[in-house]
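The following exercises concern the fold, the surface and the local backbone geometry of one protein. Each task sentence is followed by a solution in steps.

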Amino acid sequence: MKEAVVCDSSCLIALERIGHLDLLPALFHPVQAPPAVHQEFGASPEWLRVEAPTDRALVTALGMLMDAGEAEAVALASERGWLIILDDRQARAVARRLDLQIVGTVAILVRAKKQGLIEAIGPLLDDLAENEFRIGEALRQEALRLAGE
């Protein structure tokens with residue numbers, strides 16, 4: 001059984017740019033995004049469910065600390081009690097304070113490698129970097145270690 005997840009736009013955009021958006025439905029179900037993330041992403045894959053968080057006060061409060069897509073994604077994940085894919089450092093810190101389980105785009109690649117969906121993450125990390133997705137050297141090395149590369 002696959003785990004349910006809420007996505008922020010950075011993951012959707014990054015995986016689309018490197019041609020591996022298909023990893024999300026292969027690893028998770030359902031995959032949800034709030035309307036602000038859907039708008040930022042600009043595409044509608046059939047497997048992506050768009051749903052708005054109901055706690056508008058939480059979205060407003062979170063919006064003072066992060067962008068609209070992140071605020072809606074954090075609020076939706078909090079309401080559902082689901083895993084959230086979130087890359088922004090500040091948004092991750094806030095999500096942790098809300099006791100959310102968080103993974104980032106790089107962790108998605110590690111999971112995909114461990115499940116045999118991709119052969120290697122090294123070239124994909126390079127592709128992400130070439131597509132303006134910043135990955136610190138420590139994160140890159142840890143991801144390669146976790147992936148056995």
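Accessible areas are obtained by the Shrake-Rupley method with a 1.4 Å probe, and for residues only the protein chains shown count as cover. The model is a predicted one, in which local features need pLDDT of at least 70 and side-chain atom pairs count only at pLDDT 80 or more, while totals for chains, interfaces and linings use all residues. Residues are numbered from 1 along each chain as its sequence is written, and side-chain values use heavy atoms, with hydrogens and water left out.

**Exercise 1. Surface, size and charge**

Task: Determine what area the protein exposes and which share of it carbon and sulfur atoms supply; then characterise its dimensions and charges.

Solution.
- Step 1. The exposed area is about 7600 Å², of which carbon and sulfur atoms supply 49%.
- Step 2. Buried residues (under 20% relative accessible area; exposed means over 50%, partly exposed in between; 1.4 Å probe, protein chains only) account for 46% of the 149 residues.
- Step 3. The radius of gyration is taken over C-alpha atoms, and the globule rule is 2.2 Å times the number of residues to the power 0.38. For 149 residues a compact globule would have a value near 15 Å, and the protein agrees with this because its own value is 15 Å. Along the principal axes, the C-alpha trace spans about 45 × 30 × 25 Å.
- Step 4. Lys and Arg count as positive and Asp and Glu as negative, with His and the chain ends not counted; each charge is placed at NZ of Lys, CZ of Arg, CG of Asp or CD of Glu. On this basis there are 15 positive and 23 negative side chains, and the centres of the two sets lie 5 Å apart.

**Exercise 2. The sheet**

Task: Establish in which order the five strands form the sheet, and in which sense they pair.

Solution.
- Step 1. Helices (H or I, at least four residues) and strands (E, at least two) are DSSP runs, numbered from the N terminus. The protein contains nine helices and five strands, arranged along the sequence as β-α-α-β-α-β-α-α-β-α-β-α-α-α.
- Step 2. Two strands pair if DSSP finds at least two bridges between them. Strand β1 (residues 3–7) pairs in the parallel sense with β2 (residues 28–33) over three bridges, and also with β4 (residues 83–85) in the parallel sense over three bridges.
- Step 3. Individual positions confirm the register: V5 stands opposite V31 in β2 and has L83 as its bridge partner in β4, while V6 has Q32 as its bridge partner in β2.
- Step 4. The full order is β3-β2-β1-β4-β5, an open sheet with parallel pairing. β3 (48–50) and β5 (102–103) each have a single partner strand and stand at the edges, so one side of each is left without a neighbour in the sheet.
- Step 5. In β1, four of the five residues are buried, and the strand is thus mostly covered.

**Exercise 3. Helix burial and a distant contact**

Task: Identify which residues of helix α7 (residues 105–114) are buried, and examine the surroundings of A143.

Solution.
- Step 1. The buried residues of α7 are T105, V106, I108, L109, V110, A112 and K113. The helix is largely enclosed by the rest of the structure because seven of its ten residues are buried.
- Step 2. A143 belongs to helix α9 (residues 137–146) and counts as buried at 3% relative accessibility.
- Step 3. Contact means heavy atoms within 4.5 Å. Leaving aside neighbours within four places in sequence, A143 is in contact with V106, V110, I121 and L125. A143 and V106 are 37 residues apart in sequence, with a C-alpha to C-alpha separation of 7.0 Å.
- Step 4. Among contacts between residues at least 6 apart in sequence, 57% join residues at least 24 apart.

**Exercise 4. Backbone exceptions**

Task: Find where D99 and E132 lie, and describe their phi values together with the peptide bond from H29 to P30.

Solution.
- Step 1. Most residues other than glycine have a negative phi, and most peptide bonds are trans.
- Step 2. D99 lies in the loop between α6 (89–97) and β5, has a positive phi near 60 degrees, and is exposed with a relative accessible area of 71%.
- Step 3. E132 lies in the loop between α8 (122–130) and α9; its phi is positive, about 65 degrees, and E132 is exposed at 73% relative accessible area.
- Step 4. The peptide bond from H29 to P30 is cis, with omega near -10 degrees, and P30 lies in strand β2.
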